[in-house]
Amino acid sequence: ITSANTMNLTAEDDLTLTSTSGAVTFSSVLRAASYTTSARNELTAQNGDIIYNTTDNKFQGYENGSWVNLV
């Protein structure tokens, strides 16, 4: 825990959170990673990944091998 009760988690590999009843945020937002289209295209994406595309101003998900707009 850092100052102001902020916890920073850092991992060199995947970080997996497991819960029997789900992960819930109570007094804050859940923020998705933001990328430009160019930076997004450099990702090694997997089906189910979600980002916010700052070039298109859209939430996008990786589905069936390609990025699609979620809205």
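# A walk through a predicted chain

Of the 71 residues that make up the protein chain, 13% count as buried, and this figure, like every other one below, describes a predicted model. The overall dimensions can be set beside that figure: the radius of gyration of the protein chain is 15 Å, whereas a compact globule of 71 residues would have one near 11 Å. Taken along the principal axes, the box filled by the C-alpha atoms of the protein chain is roughly 35 × 25 × 25 Å. The accessible surface of the protein chain comes to about 6300 Å², and carbon and sulfur atoms account for 48% of that surface.

The secondary structure consists of one helix and four strands, and a reader who starts at the N terminus meets these elements in the order β-α-β-β-β. How the chain comes into contact with itself can be described by separation in sequence: among contacts between residues at least 6 apart in sequence, 5% join residues at least 24 apart.

Two of the loops between strands each hold a residue with a backbone angle worth a closer look. Most residues other than glycine have a negative phi. N57, however, has a positive phi of about 55 degrees, although N57 is not a glycine. This residue lies in the loop between β2, which spans 50-53, and β3, which spans 58-63. Is N57 buried or exposed? With a relative accessible area of 53%, N57 is exposed, because residues over 50% are counted in that class.

Further along the chain, N64 is another residue other than glycine with a positive phi, here near 55 degrees. N64 has its place in the loop between β3 and β4, the latter covering 66-69. The relative accessible area of N64 is 73%, and N64 is therefore exposed as well, by the cut-off of over 50%.

From these loops the description can turn to the space left open in the model. Rolling a probe the size of a water molecule over the atoms shows where empty space is left. The largest pocket found in this structure has a volume of about 240 Å³. Which residues line the largest pocket? The lining is formed by L15, L17, A23, V24, T25 and L30. Sorted by class, this lining has five nonpolar residues and one polar residue, with no charged residues. The polar member is T25, because threonine falls outside the residues that count as nonpolar or charged.

Key. Residues numbered from 1 in each chain as written. Predicted model: local features only at pLDDT ≥ 70, side-chain atom pairs only at ≥ 80, totals over all residues. Heavy atoms only, no water. 1 Å grid on protein atoms, 1.4 Å probe; cavity = no way out; pocket = protein on both sides within 12 Å on 5 of 7 lines; lining within 4 Å. Points joined across faces, edges and corners; volume = space filled by probe spheres on them. Rg over C-alpha atoms; globule rule 2.2 N^0.38 Å. Buried < 20%, exposed > 50% of the residue type's maximum accessible area, 1.4 Å probe, protein only. Contact = heavy atoms within 4.5 Å. Areas by Shrake-Rupley, 256 points an atom, 1.4 Å probe, with all protein chains shown as cover.
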